[in-house]
Amino acid sequence: MRALTDRSAGQIESFRPKRFSARYGIDPFLLVLLVALMGLGLAILYSASGQNTEMVIRQGIHCLVGFAAMIALTFVRRDIIYQLTPIIFAVAALLLLSVLLFGTGAKGAQRWLDLPGLPRFQPSELMKLALPAMVAWWLTRHPLPPRPLDVLIAFIMVALPVGLIAIQPDLGTSILIAASGFFVLFLAGLSWKLLGSLVALGLAALPVLWTVMHDYQRRRVMTLFDPTSDPLGAGWNTMQAMTALGSGGVDGKGFMAGTQAQLKFLPESHTDFIVAVIGEEFGFVGMAILITLYALILGRALVLTARADHSFGRLLSGSITLTFFIYVFVNIGMVSGILPVVGVPLPLVSYGGTSVVSLLIGFGLLMAMQRSNRVLSGE
Amino acid sequence: MQYNHPRTERILTTQRVIIASLGCLALLILVFGRLVWLQIIEHDRFVTASERNRLQVVPVAPPRGLIRDRQGILLADNRPELRLVMIPEESAELTTVLDAIDKRIGLTGDERAQFYNRLQSRRRPYDQVVVKTQLSDQDAAIIAVEGHRFPELQFDATPRREYSFGHLTAHAVGYLGRINSNELQNVPETRYAATDVYGKLGVERAHELTLHGNVGLERVEANARGRIMRVMSRDDPTPGTDLTIHLDIGLQAKAYEILNGRRGAIVAMDPKTGGILALVSQPTFDANQFTRGISSSAYQALQSDLDLPLFNRALQGQYPPGSTIKPMLGLVGLDLGVVKWSDRIQDPGFFQLPGMERRYRDWKRWGHGTVDLAKAVIESCDTYFYEMAVESGIDRLSPAMGLFGFGQTVGQDVLGDGSGVLPSRAWKRAQHRQAWFPGETVIAGIGQGYWTTTPIQLAMATTALANRGTLMAPQFVQGLDPVSRTIDLATPADWERMAREMERVLHSPGGTAAGAGKDAAYRMAGKTGTAQVAGLGQDEEYDAENTPEHLRDHALFVGFAPATEPSLVLAIILENAGSGGSQAAPVFRAMSDYWVLERQQGALPPDMAWVRRIDAQLQRVDDQ
């Protein structure tokens, strides 16, 4: 706090970091990659929505809003973020609780919250960022690697929101949020012994998970092993998506010429299954470009993670990055039939405002962690 | 915040980031591997799956062949019909939509019931269900204007069979009805993939495959809901073959005009070809009712009508031939050597078997006096033929009469006709498990007893007389090979002689049809018949006045005109009308005059306005 008033000091010039991102928080390389990805996403959406210009414009607005939020976040000082973390986590947990009590449902699950004066949103989206921040906040209070007691408390922090989201029920999101918390622990240097026993515990919990799963969730898992087992029900989506991808071949059927998507054989073609449209219309080449784009974003974000000059920033950035990548992997894995169908959108490409905005806010946080803070670094 | 070991922490977290990157790399390789498998290795399989998804082969029904009469007048046509159809899966509230239709263009209870029937019958999801047929352009416009409010409703233009003279030709041309599962089993299934109608009777039935043509195929792109987006390619259907039939619509109309509502049947044939010039069964019905979709109440009415309008008397009516077969019996007797033209008998007005009490009476109570074969034909003497039949014996008589086609269906493209009964010892044993009695031979001599024939059999048998020995099988459609049978007589000149005696039936004072033949401008030949419906006791008098109508005698007549070089053969039956000479013979005269004089033996076209009027009059009778 003392340093904030130290602006007139002559040594400021020498403290000024050389890197652009360290100076302004914004990383131009990552920025260009994100813009390219969203541009590609809007073009695909145009085709996948059946040339629905209105929908494309709405998604474009979502992108702009998210983009603005991201840029705005880069100006927030990371110590403020650090200090606000416990409060935001508490708010997010309370909102999750209230969803269970007063939430509105869609397709048999209560996920949405209608708050007066606010747009309808899913508190679980907020938790996606609040939880890793909270775990990172908690673990960095003491030197890393974390002590066993801190790990235990961190596990409780993870278990609480994951449990609340799982009973909405939204199994996909709860698993991903659990993963984001786990990534923090992993990056914080969780001992391999503990990691190993955790994996063993997870495997042991699978049968238990199976018994508490809803029927539709179990059917989705089953169709993973044999998509033809329920060709008109849960297997339909996967089979049609695989058909779309496979029939795309190397160079695809051409923009807006994918028969699976255009003739509506492909379900949810503008949201969760949009990657099948890319695969069908642009083929393996298109998929390679898309995945390369994601890989570059991943790589750049990991580089930025390593560069962050404080453990809190590194843990948070790393978790955001890895979670982002897990989204990509789960989505493409589900569409291409190597994972069960869970409702996970393709990051920054699938239609949907909440997802785009929260992902970009995540990247905003990541960039904010880049800003060199003389107060902190100078200490 | 504490920053105790920034350096060790940095090393630790950087290590972990690198490990995580390797994990991500592994997952990326997994995804790439999957994509290589899907998009490159298994590409062909998924292309097939995708094509199978979107491409559908839709059969296209061929246009059905038209039917024309011998002068080229269109009898059966295909006309586009506008129908209102619904995709019930897209409708939230069926009754509301039906009510809305009712309010705008009217929907009868019958139409509603039929809609629900169709809805419940086996159908694929998203198939259209017919709501209302025969929409006028105006009705269609009323619904179309509000089309956005009824997304489940569509219009559908399908060709519908239209019979130009629905009443006149119903029994001859037949009609189309919805194809049933039995019929589907008898046709090549692929050819009928798009067809839902089938010839039910008459020419439509007999020439079903010829008229039908062959199915076409359309390869279409359909979306996931089965709605067709565009046509990729099309193999046009092969249209059904148009048929020209021997039928003469003028002669057909004339027959109905003369019958004037009386129950009966008339078959007219061209003796040279065997072509059926007219095939009339009265009462008739409107064949168009069936192609338009007959309401159940209308069908009930047709079925329960005591006069049996759906019953084809010309083909299925089995009547005792009575005296109409006497010329043929006479020729059989001559051929067998049982009688000679010069043989005479004394007719006391009855016949008795030797040593038996029972008297077989002549229609003329006091007898015909001295009778030879010629007089027996002209005056229709029963006694002469009783005696001749007994002398011939049923075992010789029956096979000889079989040569004229009695006892069998007529074959060719005439379907569903009755075989009648040609009485014989074997037939009786098979049918009744009884021995043949001599008395049954006696009455067989005048075409009574077990003997029954159909009108079309009588007409066919009469062609042998008209052609002096060549029997022509009846046929509907022109261009078929004529089917004939030559009946050899020991003395071929007997054919001509018998034709001359039949001429005298109409043109000599004693002839039973002399009244009908009076003042004719040309000569014709024929034979009357009066067939008993109810058996009479030994001493009973037939009293037409006091006999219930359905037990009164049938009036029959067979004949040909002109007597030499005939162009028309007729067989006429008027049910319960009385004597053949007074009732059926005038019908023959009128038909013959129309054909020979007015139409110049078919050379002149009929008066179409008059034909339409007759058809319309039958409609009015229908409506009563």
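Two strands count as paired if DSSP finds at least two bridges between them. The model on screen is predicted.

**Stop 1: a strand pair in chain B.** Select strand E20 (residues 554-561) and strand E21 (residues 568-574) of chain B; they pair in the antiparallel sense, over seven bridges. For one residue pair, pick Leu556(B) and look across to E21(B), where its bridge partner is Ile573(B).

**Stop 2: the sheet around this pair.** Extend the selection to the five strands of the open sheet in chain B, which run in the order E12-E11-E21-E20-E19 with antiparallel pairing. At the edges stand strand E12 (276-282) and strand E19 (525-531) of chain B; each has a single partner strand, so one side of each is left without a neighbour in the sheet. From one strand to the next, the twist averages 5°.

**Stop 3: the helix across the sheet.** Add helix H20 (residues 455-466) of chain B. This helix lies across strand E11 (264-269), E20 and E21 of chain B, and its direction is at about 145° to E21(B).

**Stop 4: where chain A meets chain B.** Now show both chains. The contact involves 41 residues of chain A and 34 residues of chain B. On chain A, select helix H8 (171-187), helix H11 (234-248), helix H12 (259-262), helix H13 (274-307) and helix H14 (311-335), the elements that give two or more residues to the side touching chain B. H13(A) gives the most to that side, with ten residues. Colour the side of chain A that touches chain B by class: 23 residues are nonpolar, 15 polar and three charged.

Definitions and conventions. Residues are numbered from 1 along each chain as its sequence is written. Chains are lettered from A and ligands numbered from 1 in the order in which they are written. This is a predicted model: local features need pLDDT of at least 70, side-chain atom pairs count only at pLDDT 80 or more; totals for chains, interfaces and linings use all residues. Two residues are in contact if their C-beta atoms, placed from the backbone, lie within 7 Å. Helices (H or I, at least four residues) and strands (E, at least two) are DSSP runs, numbered from the N terminus. Ala, Val, Leu, Ile, Met, Phe, Trp, Tyr, Cys and Pro count as nonpolar, Asp, Glu, Lys and Arg as charged, and the others, Gly among them, as polar. Axes are lines fitted to C-alpha atoms, for helices over the stretch in contact, and angles run from 0 to 180 degrees between N-to-C directions.
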